[in-house]
Amino acid sequence: MTISTYNTRTGKKEPLATIKENHVNLYVCGITVYDYCHLGHARSTLVFDMIVRYLRYRGKTVTFIRNFTDIDDKIIKRAAEQNTTTEELSNRFIQAFHEDMISLGNLTPDLEPKATEHIPEIIELIETLMAKELAYETEGDVYYRVERFPHYGALSGRNLDDMMAGARIAVSAKKENPMDFALWKSSKPGEPTWESPWGPGRPGWHIECSAMSKKYLGDTFDIHGGGKDLIFPHHENEIAQSEGASGKPFVNTWIHHGFVTIKDEKMSKSLGNFLTIREMLERYPAEILRLFVFSAHYRTPLDFTDQAMHDAETGLDRMYSCLAAVAGLPQSGSGASAIGKKDRQKLEKLEERFCQALDNDFNTAQALGHIFDVVKTINKITHHLPENPGQEDLDLLTKSSNTLKRVGEILGILQQEPVAYLQAKQQKVLASLEISPAEIDNLIAQRNRARDEKNWDRADQIRAELLVKQIEIKDSASGTTWQVKI
RNA sequence: GGCGGCAUAGCCAAGUGGCUAAGGCAGUGGUCUGCAAAACCAUUAUUCCCCAGUUCGACUCUGGGUGCCGCCUCCA
């Protein structure tokens with residue numbers, strides 16, 4: 001089995017070929033740190049978290065780099081507004097980002113380089129471009145000469161003439177061509193600056209990714225990722241910079257994920273229709289958010305609704321209930337096997353089917369379908385298990401439950417103790433209710449007395465009373481149990 | 001205007017040139033129960049936006065149309 005990925009560069013799904021066998025060098029564009037991250041950023045980190053986990057699961061070693069852009073116009077502006085330094089501001093939001101990552105349960109990249117810590121590398125790269133006449137200096141600014149780079153626009157499928165026709169580019173007298181972009185910007189008084197051959201200034205937006213990826217991964221590496229909105233101009237410009245300087249191919253595989261939308265509109269800072277990760281996690285546990293994000297393929301838009309979150313939550317409860325049921329089975333039995341061939345196969349093939357789905361361009365939606373399919377099968381089996389089950393069947397159920405947890409780990413779900421998960425959930429809701437367990441037990445005792453007297457009206461009345469307070473009761477041969485209605 | 005993507009049941013969402021069009025949520029009928037709940041069983045798209053073409057055969061390929069979204073300015 002080979003892993004195939006959709007490559008933006010070629011526009012096709014293709015087998016993932018790496019430069020070094022069984023090693024993947026991955027560079028993901030991180031955030032510009034001037035504010036809290038929203039759900040769209042969360043999707044980005046979750047998607048690459050899953051990809052890294054899966055590649056490692058499939059036996060590859062992965063060098064995972066995600067940068068911080070900690071100097072740019074927005075940071076300068078925001079710092080001025082808050083009467084602080086760009087350094088303080090960016091450090092504050094890097095810290096916030098790290099907190100968010102921990103809350104989301106994401107792995108930490110192997111390296112999280114910052115632009116401001118790579119100024120010498122950036123200057124060196126610009127000097128190379130200057131020497132090749134791919135860049136020019138005007139009044140302390142340095143621009144990239146896009147007309148000199150023959151493949152400019154190849155990644156995003158545009159050409160310079162079309163883009164100029166679009167004419168949405170602010171024409172600057174300093175530029176030879178309106179499409180030329182800044183590599184180095186001269187600084188205004190009061191702005192953070194670094195010394196350079198072109199005078200005091202700071203790097204442009206795109207150059208740090210070229211400089212840092214080169215430093216840590218070399219001129220050519222395996223996968224470069226980010227949101228679809230980075231294809232143009234950010235990644236296009238990175239290619240122009242890196243390939244212009246090195247003369248070698250920059251990246252073999254480009255992976256771009258889709259946006260999170262609200263009411264089918266892109267969630268973005270400029271539209272103001274965003275929900276920060278923090279706000280989100282106050283409302284829903286991270287595991288539910290992960291399930292929601294992975295319920296759609298990473299390249300399609302993902303529309304956020306409370307209904308969708310509710311669906312994810314119900315689905316997760318279903319998975320944990322299934323795991324809890326298996327955990328509650330006896331350890332041993334001496335009966336005959338009762339699991340049919342078809343069901344047995346379904347359970348045994350889970351891992352294989354899960355991998356097939358993820359091999360196919362990380363199709364998490366399909367993979368989750370297989371998980372639910374197995375959950376359904378396990379539920380069916382446990383429900384029909386005879387009083388003295390077969391040892392073989394018990395072993396298969398335990399094994400399947402472990403497989404569920406193992407594949408769940410790739411998505412960052414199902415890692416809690418199932419019984420504890422369900423209890424914690426009950427308790428959380430219970431804490432917000434206006435009834436104590438003692439009161440509930442008291443009412444159930446009263447109801448059971450009524451039932452013994454066959455006073456069904458009274459019994460039903462108590463049950464209805466409890467239900468109003470979100471308490472559901474279950475009568476069974478071994479007594480009455482209750483749970484919070486979720 | 002240029003470039004790209006999407007359109008599958010009430011909602012969400014996979015998928016394939018021909019075998020039953022996954023799965024989740026919601027709904028309905030049944031088993032169980034004093035009645036319920038939970039769980040389980042069954043059931044819910046003769047059909048995949050519309051039109052034309054290619055093909056023995058298309059939802060899947062080609063062309064056209066419609067609608068929605070994104071990028072072209074900062075953006076994950």
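Helices (H or I, at least four residues) and strands (E, at least two) on this tour are DSSP runs, numbered from the N terminus. What you have open is a predicted model, where local features need pLDDT of at least 70, side-chain atom pairs count only at pLDDT 80 or more, and totals for chains, interfaces and linings use all residues. Residues are numbered from 1 along each chain as its sequence is written, chains are lettered from A and ligands numbered from 1 in the order in which they are written, and side-chain values use heavy atoms, with hydrogens and water left out.

**Stop 1: two loops**

Select N22 and look at the loop between strand 2 (12-15) and strand 3 (23-28). N22 isn't a glycine, yet its phi is positive, about 65°. A quick word on exposure: buried means under 20% relative accessible area, exposed means over 50%, and partly exposed is in between (1.4 Å probe, protein chains only). N22 comes out as partly exposed, at 37%.

Now jump to E133, in the loop between helix 4 (119-131) and strand 5 (135-138). Here too a residue that is not a glycine has a positive phi, about 60°. With a relative accessible area of 45%, E133 is partly exposed.

**Stop 2: the largest pocket**

Next, select T32, K74, W205, D229 and L230. What are you looking into? You're looking into the largest pocket, which holds about 1,100 Å³ of space. Of the 46 residues that line the largest pocket, those five are the closest to its centre.

Rolling a probe the size of a water molecule over the atoms shows where empty space is left. In detail, the search uses a 1 Å grid over the protein atoms alone: a pocket is an open set of points where a 1.4 Å probe fits, with protein on both sides within 12 Å along at least five of seven lines, and lining residues have an atom within 4 Å of a point. Grid points are joined across faces, edges and corners, and the volume is the space filled by probe spheres set on the points.

Which elements should you colour around the largest pocket? Helix 1, helix 2, strand 7 (181-186), strand 8 (201-203), strand 9 (221-227) and helix 7 (231-246) each supply at least two residues of the lining. Helix 1 gives the most, with four residues. Colour the lining by type and you get 18 nonpolar, 18 polar and ten charged residues. For that split, Ala, Val, Leu, Ile, Met, Phe, Trp, Tyr, Cys and Pro count as nonpolar, Asp, Glu, Lys and Arg as charged, and the others, Gly among them, as polar.

While you're here, click on P233 in helix 7. The peptide bond from F232 to P233 is cis, with omega near 0°.

**Stop 3: salt bridges**

Side chains of opposite charge can pair when their charged atoms come close. A salt bridge here is a side-chain nitrogen of Lys or Arg within 4 Å of a carboxyl oxygen of Asp or Glu, and the count comes to 35.

Start with E81 and R78, whose closest N and O atoms are 3.5 Å apart. The two are three residues apart in helix 2 (residues 73-81), so about one helical turn separates them. E81 is exposed at 53%, whereas R78 is partly exposed at 21%. Add D35 and K77 to your selection: with R78 and E81 they are linked in a network of salt bridges.

Then try K114 and E117, which meet at 3.7 Å, N to O. Is each partner buried or exposed? K114 is buried at 19%, while E117 is exposed at 51%.

For a pair at 2.9 Å, N to O, pick D475 and R447. This bridge links distant parts of the chain, 28 residues apart: D475 sits in strand 14 (residues 471-476) and R447 in helix 16 (residues 437-452). D475 is partly exposed at 36%, but R447 is buried at 2%.

**Stop 4: helix 13 and a neighbour**

Finally, select helix 13 (residues 364-384). Its 21 residues should span 30 Å, and its end C-alpha atoms are indeed 30 Å apart; the expected span is 1.5 Å times one less than the number of residues. Its buried residues include L368, H370, I371, V374 and I381. Among the elements covering the buried residues of helix 13 (contact means heavy atoms within 4.5 Å) are helix 1 (39-57), helix 10 (306-327) and helix 14 (391-411).

Step over to helix 10 and find D311. D311 is partly exposed, at 43%. From D311 to I288 you cross 23 residues in sequence and 9.3 Å in space, C-alpha to C-alpha.
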